[in-house]
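Subject: The structure we talked about

Hi,

Here is the structure I promised to pass on. Have a look at it first, and then read my notes below.

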Amino acid sequence: MNISKLSFAALTALLLTTGCDDKLLNQVDPNRPSTDQFWKTESDANQAVIAVYSTQQIFSTYSLYWHFATTGRTDESFTNTPDGGLNQYLVFRQVSTTDGRSAFLWNDTYRMIYRANQVLTQVPGISMDETLKKRLLAEALYLRSLCYYELGLLFGNIPLVLTQADASTRASQATQDQVYAQIISDLTKAKADLPLTYDAANKGRATRGAAASLMGKVFMQQRKWAEASTQFAEVISSGQYSLVPNYADNFTENNENNSESIYEVQFSGVNKNFGQDFVGGAEGNERAQFFGPPGIGFTDVEVRRWLFEEYTDKTTTGAVDPRRDATLFSSVGTPTLYGQAFGFGGLNINPSRLLWRKYQNDRTRNFEDFFSGINIRLIRYADVLLMQAEALNELGRGEEAIPLINQVRRRVQLTELAGGMSKADLQTQIRHERITELAGEGVRWSDLVRYGLFDTEEGLNELRSRDADFNNFITPRNKLLPIPQTDIDIDKNLKQNPGF
């Protein structure tokens, strides 16, 4: 008999004998864990926290879209991408509230918040080692705080969801300052239960230094210099961190989770499939493919000429600042890349082009793909040193800032700064130090917000002088990304950001 006919006959007989028995239709899959079965053991608690961390790896968060939002839209970068929607997004012509890049970044960051809230709701009731329980809850608080920092910075007034949500949950739309206040409250709790460091098997988890650094970053965005300085001083005095001798080691797959790393998102290029966020799914970083040079990657984001020219400092031997050629590809500083000639006859790249090198795999292979294993260093010790220098200068303590800046300069053999600078001159110097040390690392957008350059015509003119795309920038619309229209349609109490 035909196998399909046999199957149909068997199904018919089954239906005739059982009818519409609810017990048959509402069976629990015994091979799939349910919420009733989960949240019972120490292992469950740890797995749930790992699930929060895993959300950082997907393309719409730190694997790709975060880089578009925090590097691609700044004055460091420009685009020639043929992707029309991405092009509009990167050059401030986006007006649609249904834009997928904003929506995915929003949705998946809230997915991470949902998982953190699950941990914070369910883990307290598990019978397990109390010290470990406190640590896992502190990790969840840190991860939720990191999400709210990104959402508050990029979207402004957002729903502040602090409990395990369901389909009926409607959270009030908090102001940016209220979001920041919640982060400070959560991180204050988290710091008490986070360790200074972990053993090798647990590297990459949130530490006390990561919590203090993130608190400092939040205070910096609020221009609360004294409070920020207190947090950075705690990190510096902890003795846990130091600058690695080789600057480029911060952006390669080797030397990850090193002495300079305060918090980094863990990536692996082992699983090369296009599924994410499930057991066995890809954990690769996609930035390298989308930022890669022509012939290697998609080159959606390129480097502005002024950034190349910002590296004016010479080493003590008269050489160019080595951070320039570790940060970007140029026919001058990196005439070969991925084992081929930069210009015509090699990869056939116009020698005038400037391309991002940070987080690229050119040192270890001759190709890119969607599965780079390079960790994204979200908070480096060098960043903390320079933020502390900025905070001290704003507090009128510029002489205390100079040695911190010189630590960063000394690592790359630059001539050290002398004292006696005015507050205004030192502010200008610190801004120069931040761009030459941290370009392309996703901190520039927060810096521009903190400097107030989006708020005045003078500030926008400064940006326009470096980046013609800022001729499209309209205040206040382009200071924030649009809240996804789908969320506003669901919750009529949500108000869209100005200009959308």
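What follows is a walk through the chain, from the overall picture down to a few single residues.

Please keep in mind that this is a predicted model, and that every value below was computed from it.

**The chain as a whole**

The chain contains 20 helices and ten strands. Its C-alpha trace spans about 90 × 55 × 45 Å along the principal axes. For 500 residues, a compact globule would have a radius of gyration near 23 Å, and the chain's 25 Å agrees with that. Of the 500 residues, 55% are buried. If you take the contacts with a separation of 6 or more, 68% of them are between residues 24 or more positions apart.

**The cores**

The largest nonpolar core has 129 residues. Among the residues with the most contacts inside it are Phe 68, Tyr 142, Tyr 263 and Leu 378. Helix H8 (residues 130-155) gives this core its largest share, 15 residues. There is also a second, separate core of eight residues, including Ile 296, Phe 329, Ile 349 and Leu 355.

Phe 68 is a good place to start clicking. Leaving out residues up to four places away in sequence, Phe 68 touches Arg 73, Leu 86, Tyr 89, Leu 90, Phe 290, Phe 291, Asp 300 and Val 301.

Tyr 89 also turns up beside Ser 102, which lies in helix H7 (residues 100-122). Besides Tyr 89, Ser 102 is in contact with Gln 94, Phe 155, Leu 481 and Pro 482, again setting aside neighbours within four places in sequence. Ser 102 has a relative accessible area of 2%, so it counts as buried.

**Helix H11**

Helix H11 covers residues 225-237. At 1.5 Å a residue, its 13 residues should span 18 Å, and its end C-alpha atoms are indeed 18 Å apart. Which residues of H11 are buried? They are Trp 225, Ala 228, Ser 229, Gln 231, Phe 232 and Val 235. Looking down the axis of H11, these buried residues fall within an arc of 165°, so they line one face of the helix. The spacing fits a general rule: an α-helix has 3.6 residues a turn, so residues three or four places apart point the same way.

Several elements help to cover the buried residues of H11, including helix H9 (176-193), helix H10 (208-221), strand E4 (261-265), helix H15 (381-394) and helix H18 (444-451). Just past the end of H11, Gly 239 takes a positive phi of about 75°.

**Strand E4 and the loop before it**

Between H11 and E4 there is a loop, and Asn 255 is found in it. With a relative accessible area of 41%, Asn 255 is partly exposed. Its contacts beyond four places in sequence are Asp 249 and Arg 377. Asn 255 and Asn 375 are 120 residues apart along the chain, yet their C-alpha atoms are separated by 9.9 Å.

E4 itself is mostly covered, with five of its five residues buried. E4 runs antiparallel to strand E10 (residues 376-380), and four bridges join the two. In this pairing, Tyr 263 stands opposite Ile 379 of E10.

Val 265 lies in E4 too. Is Val 265 buried or exposed? Its relative accessible area is 1%, so Val 265 is buried. Not counting residues up to four places away in sequence, Val 265 touches Gln 56, Tyr 62, Asn 375, Ile 376 and Leu 378. Val 265 and Asn 375 are 110 residues apart in sequence and 5.5 Å apart in space, C-alpha to C-alpha.

**Helix H16**

The last stop is helix H16 (residues 398-411). Its 14 residues should span 20 Å at 1.5 Å a residue, which agrees with the 21 Å between its end C-alpha atoms. The buried residues of H16 include Ala 401, Ile 402, Leu 404, Ile 405, Val 408 and also Asn 406, Arg 409 and Arg 411. H11 and E10 come back here: both are among the elements that cover the buried residues of H16, along with helix H14 (323-327), H15 and helix H17 (423-438). Just after H16, Gln 413 takes a positive phi of about 60°.

Happy to go through any of this with the model open on screen.

Best wishes

Key. Residues are numbered from 1 along each chain as its sequence is written. This is a predicted model: local features need pLDDT of at least 70, side-chain atom pairs count only at pLDDT 80 or more; totals for chains, interfaces and linings use all residues. Side-chain values use heavy atoms; hydrogens and water are left out. The expected span of a helix is 1.5 Å times one less than its number of residues. Buried means under 20% relative accessible area, exposed over 50%, partly exposed in between (1.4 Å probe, protein chains only). The arc is that of the directions from the helix axis to the C-beta atoms. Contact means heavy atoms within 4.5 Å. Two strands pair if DSSP finds at least two bridges between them. A nonpolar core is a set of buried Ala, Val, Leu, Ile, Met, Phe, Trp, Tyr and Cys residues joined through side-chain atoms within 4.5 Å. The radius of gyration is taken over C-alpha atoms; the globule rule is 2.2 Å times the number of residues to the power 0.38.
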